[in-house]
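These notes record what I looked up in the coordinates, entry by entry. I began with a hairpin, went on to the sheet, and finished with the helices and the core.

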Amino acid sequence: MILRVWRAKIIPERVAEYRRFNREQCLPMLRKQPGFLGVLFSWQAESCATMSITIWEDIGAVRALPSSPSYAEVTRELAEGGLLVNEASVELLAIEGGELRPEALLETLAQTKRAPS
């Protein structure tokens, strides 16, 4: 498995738009990608830094991402939308081991969806 870590800074006044973009455009696009296993969107309020951590079956799935028409459309919309302070960065990491507690993760994630933004 591969983690793809995408980092950027968001224009402070446009945070709500960015969150909506993630929900309405980014997440549906990711769900269509072969080899996609999951995503976590994170936020650091003081610096307006954001990070998306996507989990992929293998490096081939990650390498195929840029050739996806839906990925190209979403990244173009993000770039043209003026939500980012500067260029984003991407880092790829191989998962060597670990442990996930799916029930606990899903319960906690559901609570974050209910919490006010």
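**Entry 1: the hairpin of S2 and S3**

I looked first at the hairpin formed by S2 and S3, where 4 residues lie between the strands and Cys 48 takes a positive phi near 60°. I note that the model is a predicted one. I then counted the pairing of the two strands: S2 and S3 are antiparallel and share 8 bridges. As a sample position across this pair, I recorded Phe 41, which stands opposite Ser 52 in S3.

**Entry 2: the sheet as a whole**

I asked in what order the strands of the sheet are arranged. I found an open sheet of 4 strands in the order S2-S3-S1-S4, with antiparallel pairing. Its edge strands are S2 (36–44) and S4 (89–94), each of which pairs on one side only. On average, and ignoring direction, neighbouring strands of the sheet are turned by 15° against each other. I then turned to the helix on this sheet: H1 (residues 15–31) packs on it and touches S1, S2 and S3. The direction of H1 makes about 170° with that of S2.

**Entry 3: partners of S1**

I followed S1 (residues 2–9) to S3 (residues 49–56) and found the two strands antiparallel, joined by 8 bridges. Along this pair I listed three positions. Ile 2 has Trp 56 as its bridge partner in S3, Arg 4 stands opposite Thr 54, and Val 5 stands opposite Ile 53. I also checked S1 against S4, and these strands pair in the antiparallel sense over 6 bridges. There, Trp 6 stands opposite Val 90 in S4.

**Entry 4: the two faces of S3**

I asked which residues of S3 lie on its covered face and which on its uncovered one. The covered face consists of Thr 50, Ser 52, Thr 54 and Trp 56. The uncovered face consists of Ala 49, Met 51, Ile 53 and Ile 55. I note that Ser 52, the residue opposite Phe 41, belongs to the covered face, whereas Ile 53, opposite Val 5, belongs to the uncovered one.

**Entry 5: helix H3**

I took the span of H3 (residues 69–81) next: its 13 residues reach 18 Å from the first C-alpha to the last, close to the 18 Å expected at 1.5 Å a residue. I then looked up burial and found that Tyr 71, Val 74 and Leu 78 are buried in H3. Why do they share a side of the helix? They cover an arc of only 70° around the axis, and therefore lie on the same side of H3. The face turned away from the buried side carries Pro 69, Ala 79 and Glu 80, which are exposed. S1 and H1 are among what covers the buried residues of H3. Just after this helix, Gly 82 takes a positive phi of about 70°.

**Entry 6: the nonpolar core**

I closed with the largest nonpolar core, which has 21 residues. Those with the most contacts inside it are Tyr 18, Phe 21, Met 29, Leu 30, Trp 56 and Leu 78. The elements giving two or more residues to this core are S1, H1, S2, H2 (59–64) and H3. H1 gives the most, with 7 residues. I examined Phe 21 further. Leaving aside its neighbours within four places in sequence, I found Phe 21 in contact with Cys 26, Val 74, Glu 77, Leu 78 and Leu 83. Of these, Val 74 and Leu 78 are buried residues of H3.

Definitions and conventions. Residues are numbered from 1 along each chain as its sequence is written. This is a predicted model: local features need pLDDT of at least 70, side-chain atom pairs count only at pLDDT 80 or more; totals for chains, interfaces and linings use all residues. Side-chain values use heavy atoms; hydrogens and water are left out. Two strands pair if DSSP finds at least two bridges between them. Axes are lines fitted to C-alpha atoms, for helices over the stretch in contact, and angles run from 0 to 180 degrees between N-to-C directions. Contact means heavy atoms within 4.5 Å. The expected span of a helix is 1.5 Å times one less than its number of residues. Buried means under 20% relative accessible area, exposed over 50%, partly exposed in between (1.4 Å probe, protein chains only). The arc is that of the directions from the helix axis to the C-beta atoms. A nonpolar core is a set of buried Ala, Val, Leu, Ile, Met, Phe, Trp, Tyr and Cys residues joined through side-chain atoms within 4.5 Å.
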